[in-house]
Amino acid sequence: MNLFLNYNNGNLTVNSHRNVNAEVTTLEDLYEAVQENREEVLVASFEQDFEYDPDTKIATFSGICHNGDTGFEICVNQEAHNIESEEAGRSVWGLDEDLEPSI
């Protein structure tokens, strides 16, 4: 799933489309803008990849998830163990059924 992280002068949103007035950048640069509360209009695309194995009860995630301290977190192959269901696995990273993070 491909989504866009839009940053507009301190406001961060996840959308299925990009802000046409935004400068395209990397997730890392957008992350810095959030941390520094910069006055910029930026957008970065990202993909969400979630897998759940019911036999091993391991969920694996790469993408963007909510972080209360930093606004969002860039996740790369993070694992959660002893997960009872796919829904429980998605909830570890605050993802809905469409894998969209709540930011």
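These legends go with close-up views of a predicted model.

**View 1. Three strands form an open sheet.**
Let's begin with the sheet, whose three strands come in the order β5-β6-β7 and pair in an antiparallel way. Strands β5 (49-53) and β7 (71-80) are the edges; each has a single partner strand, so one side of each has no neighbour in the sheet. From one strand to the next, the twist averages 20 degrees.

**View 2. Strand β6 meets strand β7.**
Here we look at the pairing of β6 (residues 58-67) with β7, two strands that run antiparallel and are joined by eight bridges. To find your place, look for N67, which stands opposite G71 in β7.

**View 3. A helix lies across two strands.**
Now bring helix α1 into the picture. This helix covers residues 27-36 and lies across both β6 and β7. Relative to β7, helix α1 runs at about 130 degrees.

**View 4. Two cysteines sit without a disulfide.**
A disulfide is a covalent bond between the sulfur atoms of two cysteines. How many disulfides does the structure hold? The count is zero. C65 is in no disulfide, and the nearest cysteine sulfur, that of C75, is 3.2 Å away. Why is there no bond between C75 and C65? The sulfur of C75 is 3.2 Å from that of C65, its closest cysteine sulfur, and this is too far for a bond, because a disulfide here needs the two sulfur atoms within 2.5 Å. Are these cysteines buried or exposed? C65 is buried, with a relative accessible area of 3%, and C75 is buried too, with a relative accessible area of 3%.

**View 5. Nonpolar residues gather in the largest core.**
Next comes the largest nonpolar core, which has 14 residues. Which of them touch the most other members? They are L5, Y7, L12, L30, F46 and F72. Four elements, β1 (2-8), β2 (11-15), α1 and β4 (41-47), each supply at least two residues of this core. The largest share, four residues, comes from α1.

**View 6. L12 and the residues it touches.**
Zoom in on L12, one of the core members just named. Leaving aside residues up to four places away in sequence, L12 touches L5, N6, Y7, L30, V34, G71, F72 and I103. You may recognise G71 from View 2, where it stands opposite N67.

**View 7. A second core stands apart.**
Finally, there is a second, separate core of 11 residues. Its members include F61, C75, A80 and W93. C75 is the cysteine from View 4 whose closest cysteine sulfur is in C65.

Definitions and conventions: Residues are numbered from 1 along each chain as its sequence is written. This is a predicted model: local features need pLDDT of at least 70, side-chain atom pairs count only at pLDDT 80 or more; totals for chains, interfaces and linings use all residues. Side-chain values use heavy atoms; hydrogens and water are left out. Two strands pair if DSSP finds at least two bridges between them. Axes are lines fitted to C-alpha atoms, for helices over the stretch in contact, and angles run from 0 to 180 degrees between N-to-C directions. Contact means heavy atoms within 4.5 Å. Buried means under 20% relative accessible area, exposed over 50%, partly exposed in between (1.4 Å probe, protein chains only). A nonpolar core is a set of buried Ala, Val, Leu, Ile, Met, Phe, Trp, Tyr and Cys residues joined through side-chain atoms within 4.5 Å.
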